Every structure is written in structure tokens, then in C-alpha cells.
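Student: I am new to this structure and should like a close look at a single part, the surroundings of the ligand. Which residues and elements are found there?

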Amino acid sequence: MLRIDFVTLFPETVLSAVRFSILKRAEENSLVAFGTANPRDFATDRHRTVDDEPYGGGPGMVMKAETTAAAIEAVVSRQPPVAGRQSFIIFPDPAGELFRQADAAELSRKDHLVFVCGHYEGIDERVVEKYADRRYSLGDYVLSGGELAAAVMADAVVRLLPGAVGAPESLEEDAFADGLLTYPQYTRPEVWEGRRAPEVLLSGDHARVADWRRRQRLLATRERRPDLFARADLSTGDLDLLK
Ligand code: SAM
């Protein structure tokens with residue numbers, strides 16, 4: 001079973017973000033177990049201090065090394081000492097590499113993931129240097145904290161665990177599964193506000209439906225994500241569909 005721990009000052013936030021829908025069911029079915037550790041519980045002073053002013057000056061506060069590291073050590077040592085099981089430690093970070101579907105797939109094969117959620121101006125860099133197996137960014141924008149970023153990554157990972165998603169073949173058709181965006185979906189009624197669902201999807205002709213969907217994926221990727229399209233591994237059938 002995959003274990004995912006969040007080192008966070010806001011455990012309730014991150015747990016409520018992961019404990020619903022598919023992820024909640026995955027936890028109930030023992031595919032994954034979520035846990036948290038709060039650096040505040042490792043503070044030794046009267047005020048339970050977890051942050052301090054940045055060296056060199058500037059606005060905001062920085063999460064302290066001692067309390068953040070103690071929380072990381074706690075979740076790593078909580079893992080039962082089974083030979084070969086290893087913790088993989090991830091720092092959500094706008095300065096990290098972009099988190100992609102291939103990363104979610106890689107993480108879904110680990111035993112234990114630890115997401116260390118920054119807040120304020122971030123975490124003392126020495127903790128990141130010591131513990132980070134990976135720094136991941138969700139995109140080129142700044143969130144208030146790492147909690148939502150960690151929950152997003154955990155969601156992308158857990159739905160890839162065998163048994164997490166009811167119809168596993170849907171994973172293969174997801175966007176990015178093979179480097180392409182996904183195709184558009186329609187459901188009843190056939191006509192909504194004068195807009196008709198594509199006739200081919202009502203035809204019952206599975207081969208035509210499959211070709212139409214593949215073509216939609218190719219066209220959408222070429223138009224909206226030329227960067228992905230340039231890297232996609234296209235077959236001669238794909239090139240025919242694009243003609
Ligand atoms: N001055 C910091 C900077 O520019 O990196 C801002 C830190 S941000 C307010 C606080 C925390 O939110 C970060 O330490 C990180 O954990 C998380 N975070 C913010 N934006 C993120 C992003 N795009 N991807 C992943 N994590 C992010």
C-alpha cells in the first residue's frame with residue numbers, strides 16, 4: 001500500500017482536499033493511507049514557533065529548519081522498517097520542475113511519499129537541500145502554500161494506483177496518457193440549445209468513433225499545445241487521420 005504523508009502547518013486543509021471522491025474510496029479500500037505531521041508539534045519553545053524573519057532582511061517569514069526537519073524525520077521513521085521500502089520526499093515549489101503526468105506515474109510506483117508544504121516565504125533552504133528528492137511546481141504562478149499543490153499531486157498519483165479508478169481503461173484515454181490532450185465528451189440530450197452532439201458518436205460504429213476521437217485528440221493537441229504535439233509519437237495512421 002502507498003503511504004502519503006503531508007508535512008504541513010494546516011493538516012486539516014490538506015486532508016479535506018484529499019479525502020473525497022476517488023481518493024477517499026482509495027483510502028477506504030486500503031490502496032493508500034494518508035497522514036500528516038505538523039512542524040508546530042515539534043516546536044520546543046513556549047510560543048511553539050515555526051517561522052522566523054529571513055536572514056538578509058525582506059518581507060515575510062521563513063519556515064524554520066529545526067521544526068520542519070523534525071516533522072519530516074517523524075513521518076519517515078513512522079514507516080515500518082520493511083527492507084527496501086523507502087521514503088520519497090517532495091517539496092512543492094514554484095521554482096521546481098513542472099509536475100507532469102509522467103511524474104505522477106513514477107510517484108505512483110513508490111512506497112512512501114512525503115510532501116513538505118511550504119508557507120509564508122517558503123522553507124529554510126538547508127532543509128530542502130538535505131531532504132528533497134524532487135521539487136515540483138504546478139505552474140508559473142504563486143500559491144499561498146504548498147497544501148493545495150501537494151493535494152493536487154497526490155490526486156494525480158492516487159488515481160493511477162491499480163483499482164483506484166472504476167474503469168481503468170479510462171486512464172489510458174485521459175489527457176497526457178500518451179502525450180496528447182483528450183477528446184471532447186457529450187451526453188444526453190442529443191440536441192441542447194440548438195447544439196447537436198457529433199453524429200458519429202451516436203452511430204454505434206465503434207471503429208468510426210475511435211477514429212473520430214483520435215483525430216480530435218490530434219487536432220486539439222496541435223492547436224492548443226503545439227509543445228506537446230512536437231514531442232508526440234505519431235503513427236502513420238495518425239498522419240492519415242490528420243489529412
Ligand atoms: N516567495 C516564494 C516564492 O516565490 O517561491 C513564495 C512562497 S509561496 C507563498 C509558499 C509555498 O507555496 C511555497 O513554499 C510552495 O510550497 C507553495 N507553492 C506556491 N506556488 C507553487 C507552485 N506554483 N507550485 C508548487 N508549490 C507552490
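Tutor: The following account describes the residues around the ligand and the elements that supply them. This is a predicted model, in which local features need pLDDT of at least 70 and side-chain atom pairs count only at pLDDT 80 or more, while totals for chains, interfaces and linings use all residues. Residues are numbered from 1 along each chain as its sequence is written, and side-chain values use heavy atoms, with hydrogens and water left out.

There are 18 residues around the ligand, each with a heavy atom within 4 Å of it. Pro92, Leu138, Tyr141, Leu143 and Gly145 come nearest. By kind, the shell divides into 9 nonpolar, 7 polar and 2 charged residues; Ala, Val, Leu, Ile, Met, Phe, Trp, Tyr, Cys and Pro count as nonpolar, Asp, Glu, Lys and Arg as charged, and the others, Gly among them, as polar.

Strand S5 (87-98), strand S7 (134-137) and helix H6 (146-158) each supply at least two residues of this shell. S5 gives the most, with 3 residues. These elements are DSSP runs numbered from the N terminus: helices are H or I, at least four residues, and strands are E, at least two.

The backbone also approaches the ligand. A polar backbone atom of Leu138 is 3.0 Å from a nitrogen atom of the ligand, and a backbone N or O atom of Gly139 lies 3.1 Å from a ligand nitrogen atom. For Gly146, a backbone N or O atom lies 3.4 Å from an oxygen atom of the ligand. Of the 580 Å² of accessible area that the ligand has on its own, the protein covers 81%, by the Shrake-Rupley method with a 1.4 Å probe.

Technical notes: Polar contact = N/O pair within 3.5 Å; in protein donor to acceptor, adjacent residues only side chain to side chain.
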